[in-house]
Amino acid sequence: MSKSCKGLALELVKCLSESDCVKVEKRSYRECAGEKCPSISSECVGLRETYFNCKRGQVDMRARIRGNKGY
């Protein structure tokens, strides 16, 4: 279950690396992913929300019994 969010994390990093926030503004991935910045695409925002829900599902006891929904 600990690796069920790995695919989402890799896609989020790939999406952020192609955004202006990392390329032009030279900010870190953490800074770009942590705030609602207009220089990241809506796809990256959607991936960030999905990744957050995946990580939250790992802590939720109901999801731990059933298993986290894999990517």
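**Helix α1**

Begin by selecting residues 6-17, which form helix α1 in this predicted model. How far apart are the end C-alpha atoms of helix α1? They are 17 Å apart, and this agrees with the 16 Å that the 12 residues of the helix should span at 1.5 Å a residue.

Next, turn the view so that it looks down the axis of α1. The buried residues of α1 fall within an arc of 95 degrees, so they line one face of the helix. To display that face, select L8, L12, C15 and L16, which are buried. A general property of such helices is useful here: an α-helix has 3.6 residues a turn, so residues three or four places apart point the same way.

Now select K6, L10 and K14. These residues lie on the other side of α1, where they are exposed.

**What covers the buried face**

Return to the buried residues of α1 and display what surrounds them. Which helices are included in their cover? The cover includes α2 (20-23), α3 (29-34) and α4 (42-59). Colouring each of these helices separately will help in following the remainder of the tour.

**The salt-bridge network**

The next stop concerns charged side chains. Side chains of opposite charge can pair when their charged atoms come close. How many salt bridges does a search of the whole structure find? The search finds three.

Select E25, R27 and E31 together, since these residues are linked in a network of salt bridges. In one pairing, R27 meets E25, with the closest N and O atoms 3.2 Å apart. In another, the side chain of R27 forms a salt bridge with that of E31, at 3.7 Å from N to O.

Then show the surface around these residues. R27 is partly exposed, at a relative accessible area of 22%. E25 is also partly exposed, with a value of 39%. For E31 the relative accessible area is 42%, and this residue too is partly exposed.

**The pair R48 and E49**

For the last stop, select R48 and E49. A salt bridge joins them, the closest N and O atoms being 3.9 Å apart. Is R48 buried or exposed? With a relative accessibility of 13%, R48 counts as buried. Its partner E49, by contrast, counts as partly exposed at 38% relative accessibility.

Terms used:
Residues are numbered from 1 along each chain as its sequence is written. This is a predicted model: local features need pLDDT of at least 70, side-chain atom pairs count only at pLDDT 80 or more; totals for chains, interfaces and linings use all residues. Side-chain values use heavy atoms; hydrogens and water are left out. A salt bridge is a side-chain nitrogen of Lys or Arg within 4 Å of a carboxyl oxygen of Asp or Glu. Buried means under 20% relative accessible area, exposed over 50%, partly exposed in between (1.4 Å probe, protein chains only). Helices (H or I, at least four residues) and strands (E, at least two) are DSSP runs, numbered from the N terminus. The expected span of a helix is 1.5 Å times one less than its number of residues. The arc is that of the directions from the helix axis to the C-beta atoms. Contact means heavy atoms within 4.5 Å.
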